Amino acid sequence: MATTFEKIATATVGSGGAAYIEFTPIAGDWTDLALYVSTRTTASAVGGNDIISLNGSSSSFSGRRIYGAGSGTPASDTITTWAGFNDANNATASTFGNSSIYFPNYAGSTNKSYSIDTVSETNGTTTYMGLAAGLWSNTAAITTIRLTPDSGNYAQYSTATLYGIKKA
Amino acid sequence: MADTKIIVNCETGEVTEVALTAEEIEQREADRIAYEAQKAEEATNAALRAEQKAGLLARLGITAEEAELLLS
């Protein structure tokens with residue numbers, strides 16, 4: 001079965017920073033969606049978190065996450081709108097957190113599941129990597145995806161690219 | 001502080017940088033506070049659970065590793 005992986009659109013944050021990045025309207029032309037992000041924020045911290053909303057909603061999200069910090073025992077917990085780790089202003093200069101988020105059957109009429117694979121990056125003592133499975137308990141087709149940092153704004157050169165995957 | 005948002009039109013590929021409205025700035029702050037409150041609640045619950053677990057192990061007089069062994 002032939003499968004396509006097509007870039008829908010990409011965004012790069014300019015010198016002024018941005019409060020959030022939003023993809024809209026997303027047509028139902030593909031089977032799945034994949035969002036690849038490389039983010040750094042202006043927050044006064046080493047790292048932070050990307051937060052997701054779908055179709056303008058931040059409710060009815062649930063999920064599980066496992067994560068590690070490069071030392072110590074990895075941990076697991078529950079998530080709601082968490083969408084990955086980012087680098088913040090105190091991380092090594094010019095480094096970014098990287099995440100991929102995969103949305104299967106995003107235009108279907110069932111609740112929307114997704115998976116997250118994420119790492120932060122800094123040449124310090126602590127950096128994070130995580131895997132998560134999320135669920136948006138909503139049967140609407142996903143037409144808008146927004147990513148927001150939990151603190152500060154997205155810094156220059158942060159990028160987000162949305163791909164559509166089509167099964168022929 | 002950037003009070004702008006980046007909107008990517010997936011039909012045209014056009015990327016625009018738009019100033020946040022006053023309502024959006026208020027909503028962003030409300031969302032941030034709500035998220036921090038949620039994380040604080042989760043941390044409190046985790047600490048409480050760890051405290052309860054430690055108390056239970058102390059009452060039983062066994063270590064966490066011994067408790068795991070019992071449950072395996």
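Is Ser94(A) buried or exposed? Select Ser94(A) and you will find that this residue is exposed, with 9 other C-beta atoms within 10 Å, where exposed stands for 12 or fewer such neighbours, buried for 20 or more, and partly exposed for the range in between, with C-beta atoms placed from the backbone. Ser94(A) sits in the loop between β7 (82-87) and β8 (97-103) of chain A, and its phi is near 65°, a positive value in a residue other than glycine.

Before moving on, note that this is a predicted model, in which local features need pLDDT of at least 70 and side-chain atom pairs count only at pLDDT 80 or more, while totals for chains, interfaces and linings use all residues. Residues are numbered from 1 along each chain as its sequence is written, and chains are lettered from A in the order in which they are written.

Next, select both chains: 24 residues of chain A are in contact with 19 residues of chain B, contact being C-beta atoms, placed from the backbone, that lie within 7 Å. On the side of chain A that touches chain B, β2(A) gives the most, with 4 residues; strands here are DSSP runs (E, at least two residues), numbered from the N terminus.

Now go to Thr24(A) and Pro25(A), whose peptide bond is cis, with omega near -10°; Pro25(A) belongs to the loop between β2 and β3 of chain A.

Finally, select Leu35(A), which, leaving aside its neighbours within four places in sequence, is in contact with Ile101(A), Ile145(A), Ala160(A) and Leu162(A).

Methods. Two residues are in contact if their C-beta atoms, placed from the backbone, lie within 7 Å.
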